[in-house]
Amino acid sequence: MKHKTLWAWTAGTFFGIGLVGPGPGTWASLAAALLWFGAASTLHLTSTGLIAWTAVAALAVAAIGIPAGTIVARESGREDPGHVVIDEVAGQWVALLACPVETRHMALAFLLFRVFDIVKPWPARQLERLHGGTGIMLDDIAAGAYALIVMVVVRHWWR
């Protein structure tokens, strides 16, 4: 059996969620949205505080996810292994940046992120081609940014 770097596999699979199938990316996105909702409901932050907290969390996950994704990709012998789902967590949290702590907004951010993550409009598809964990992470952050833009527009009319 090949060596597995424990911290990288734990982080990269988001504590094993990436090993759940089918659709590990969807499960990881759902877990990320529910974690965000639970934390946001518990913390009772101002809107600005919630945005800052979510942004810091997404950046921290990305900072951990890039090296973890690189290591897991190398150790699994695949360029973008489906079981690396920490990128979905970061992207989902980017999509949730403009969300109030309400289930309907969280659900819409979840759905929008999944659509953009699957479709990968420009430049997300090109970012995916970057080497190792950088490509693994940045295409999902781009998908999260697209979902965030749509959420900002939707929130203008849907309060």
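This passage describes the nonpolar core, the covered helix α4 and the packing of helices α3, α4 and α7. The model is predicted, so that local features need pLDDT of at least 70 and side-chain atom pairs count only at pLDDT 80 or more, while totals for chains, interfaces and linings use all residues. Residues are numbered from 1 along each chain as its sequence is written, and side-chain values use heavy atoms, with hydrogens and water left out.

The largest nonpolar core comprises 42 residues. Such a core is a set of buried Ala, Val, Leu, Ile, Met, Phe, Trp, Tyr and Cys residues joined through side-chain atoms within 4.5 Å; buried means under 20% relative accessible area, exposed over 50%, and partly exposed in between, for a 1.4 Å probe and protein chains only. Trp36, Trp93 and Leu96 have the most contacts inside the core. Two or more residues each come from α1 (6–12), α2 (24–43), α3 (47–76), α4 (86–95), α5 (103–119) and α7 (132–157). The largest contribution, nine residues, is that of α3. Helices (H or I, at least four residues) and strands (E, at least two) are DSSP runs, numbered from the N terminus.

Helix α4 is mostly covered, with 10 of its 10 residues buried. These are Ile86, Asp87, Glu88, Val89, Ala90, Gly91, Gln92, Trp93, Val94 and Ala95. They pack against α1, α2, α3, α5 and α7. Within α4, Trp93 is in contact (heavy atoms within 4.5 Å) with Ala32, Ala33, Leu35, Trp36, Thr54, Ala57, Ala58 and Val61, when residues up to four places away in sequence are not counted.

The axes of α3 and α4 come within 9 Å and cross at roughly 160°, which makes α3 roughly antiparallel to α4. Axes are lines fitted to C-alpha atoms, for helices over the stretch in contact, and angles run from 0 to 180 degrees between N-to-C directions. Angles under 35 degrees count as roughly parallel, over 145 as roughly antiparallel, 65 to 115 as roughly perpendicular and the rest as oblique. The crossing of α3 and α4 is left-handed; a crossing has this hand if the near helix is turned anticlockwise from the far one by less than a right angle, and is right-handed if clockwise. On the α3 side the contact involves Thr54, Ala57, Ala58, Val61, Ala62, Ile64 and Gly65, and on the α4 side Ile86, Val89, Ala90, Trp93 and Val94. By class, 10 residues of this contact are nonpolar, two are polar and none is charged. In this division Ala, Val, Leu, Ile, Met, Phe, Trp, Tyr, Cys and Pro count as nonpolar, Asp, Glu, Lys and Arg as charged, and the others, Gly among them, as polar.

For α3 and α7, the axes come within 6 Å and cross at roughly 130°; the two helices are therefore oblique to each other. Their crossing is right-handed. Helix α3 contributes Val61, Ala62, Gly65, Ile66, Gly69, Thr70 and Ala73 to the contact, and α7 contributes Gly132, Gly133, Thr134, Ile136, Met137 and Ile141. Seven of the residues in this contact are nonpolar, six are polar and none is charged.

Helices α4 and α7 pack at an angle of about 20°, with their axes 7 Å apart, and are therefore roughly parallel to each other. Here too α4 passes α7 in a right-handed crossing. Ile86, Asp87, Glu88, Ala90, Gly91, Val94 and Ala95 of α4 meet Ile136, Met137, Asp140, Ile141, Gly144, Ala145, Ala147, Leu148 and Met151 of α7. This contact has 11 nonpolar, two polar and three charged residues.

Three individual positions were also examined. Ser29 lies in helix α2 and is buried, with a relative accessible area of 0%. Beyond residues up to four places away in sequence, Ser29 touches Glu88, Gln92, Phe110, Phe113 and Arg114. Val72, in helix α3, is likewise buried, with a relative accessible area of 0%. Apart from neighbours within four places in sequence, Val72 is in contact with Ala8, Trp9, Pro81, His83 and Val84. The C-alpha atoms of Val72 and Val84 are 7.3 Å apart, and the two residues are 12 residues apart in sequence. Gly16, found in the loop between α1 and α2, is partly exposed, with a relative accessible area of 24%. A distance of 8.4 Å separates the C-alpha atoms of Gly16 and His83, which are 67 residues apart along the chain.
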